[in-house]
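Subject: Structure for you to look at

Hi,

Here is the structure I promised to pass on. Could you open it and keep it in view while you read my notes?

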Amino acid sequence: MNILLFGPPGAGKGTQSSLLVSKRDFVQISTGDILRGAISRKTELGSLAQAFMSRGQLVPDDLVISLVKQALEQIKGDFILDGFPRTVAQAEALEVLLKGIEKEIERAIFISVPVGALVKRLSGRRVCKLCGSVFHIENKQPKLNGVCDSCGGELVQRDDDKESVIDERMRAYSKHTAPLIEYYKKLGKYFEVNGDKDEAAVFANIEEILNFT
Ligand code: AP5
């Protein structure tokens with residue numbers, strides 16, 4: 001089964017995708033991770049994307065759609081889309097891409113979290129510079145302060161997790177991504193989980209949705 005996870009910044013899409021990858025053998029396609037990878041490799045795409053991401057704005061649809069097209073063409077097995085689509089235009093393009101490779105999304109799972117909790121999650125998030133593992137200064141502390149439990153890499157704050165940028169990301173979400181709730185309801189693929197619970201409880205709810213027939 002192929003699924004997508006969507007929701008506001010900090011809802012836990014990446015956290016839940018990692019759990020699905022490790023426990024359910026999904027392959028994750030995260031447009032945020034692909035774009036950050038391009039920025040750190042200093043590619044042309046990376047420098048184009050960075051101008052938008054550092055301001056908390058969405059990267060233009062055509063750029064992101066072509067990245068997802070490449071990723072989907074190489075995919076083997078069931079996949080999770082994390083952070084894509086983020087606009088109705090991206091969702092429509094996804095339908096076309098999937099038709100071309102005879103695949104479909106069976107569940108579009110929205111992770112719902114109140115805004116106040118999101119801001120705390122984002123401003124306290126720390127990520128490993130080497131392997132990308134995600135921590136939080138209060139909710140998910142590493143064993144050793146500032147050091148990744150998985151690989152020993154340095155933990156840093158994402159540039160777009162600074163408070164001034166978080167506001168803009170929230171605005172971009174409300175304007176461009178929230179309309180996807182209605183989009184997937186109309187397609188009969190919409191499922192919602194309460195993301196304002198601990199990671200394991202949210203994951204248990206996602207598993208229930210995956211088993212729902
Ligand atoms: P992206 O990386 O996709 O960012 P995002 O959607 O804003 O989501 P986040 O990664 O911030 O949060 P998340 O929901 O994955 O939460 P996480 O699990 O890390 O995109 C970044 C930028 O790239 C965008 O702003 C845009 O510019 C560009 N971009 C990407 N895709 C694009 C697209 N399709 N179109 C155009 N532009 C695109 O958790 C957050 C924190 O909360 C962590 O510290 C975690 O430990 C903690 N946490 C998680 N779950 C829980 C829980 N249940 N309880 C308590 N704490 C929790």
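Below is what I found in it.

First, the ground rules: this is a predicted model, with local features needing pLDDT of at least 70 and side-chain atom pairs counting only at pLDDT 80 or more, while totals for chains, interfaces and linings use all residues. Residues are numbered from 1 along each chain as its sequence is written, and side-chain values use heavy atoms, with hydrogens and water left out.

**Helix α1**

Helices (H or I, at least four residues) and strands (E, at least two) are DSSP runs, numbered from the N terminus. Helix α1 covers residues 13-24, and its end C-alpha atoms are 15 Å apart, in agreement with the 16 Å that its 12 residues should span (1.5 Å times one less than the number of residues). K13, Q16, S17, L19 and L20 of α1 are buried; buried means under 20% relative accessible area, exposed over 50%, and partly exposed in between (1.4 Å probe, protein chains only). Those buried residues cover an arc of only 160° around the axis, so they sit on the same side of α1 (the arc is taken over directions from the helix axis to the C-beta atoms). They pack against β1 (3-6), β2 (27-30), β3 (79-82), β4 (107-112) and α9 (199-211), with contact meaning heavy atoms within 4.5 Å.

**Backbone oddities**

Most residues other than glycine have a negative phi, and most peptide bonds are trans. D25, which follows α1, has a positive phi near 65° and is exposed at 67% relative accessible area. K42, in the loop between α2 (31-40) and α3 (44-53), has phi near 60° and is exposed too, at 74%. The F84 to P85 peptide bond is cis, with omega near 0°, and P85 lies in the loop between β3 and α5 (88-100).

**Ligand**

The ligand has 34 residues around it (a heavy atom within 4 Å), and the closest are T15, Q57, R86, R125 and R169. Among the polar contacts (N or O atoms within 3.5 Å), a side-chain atom of Q90 is 2.9 Å from a ligand nitrogen. A backbone N or O atom of F135 is 2.9 Å from a ligand oxygen.

**Cysteines**

How many disulfides does a search of the whole structure find? It finds 0, taking a disulfide as a pair of cysteine sulfur atoms within 2.5 Å. The sulfur of C131 is 3.7 Å from its closest cysteine sulfur, in C151, which is too far for a bond. For C151, the nearest cysteine sulfur is that of C128, 3.5 Å away.

Cheers

Conventions
A polar contact is a pair of N or O atoms within 3.5 Å; within protein, one must be able to donate a hydrogen and the other to accept it, and residues adjacent in sequence count only if both atoms are side-chain atoms.
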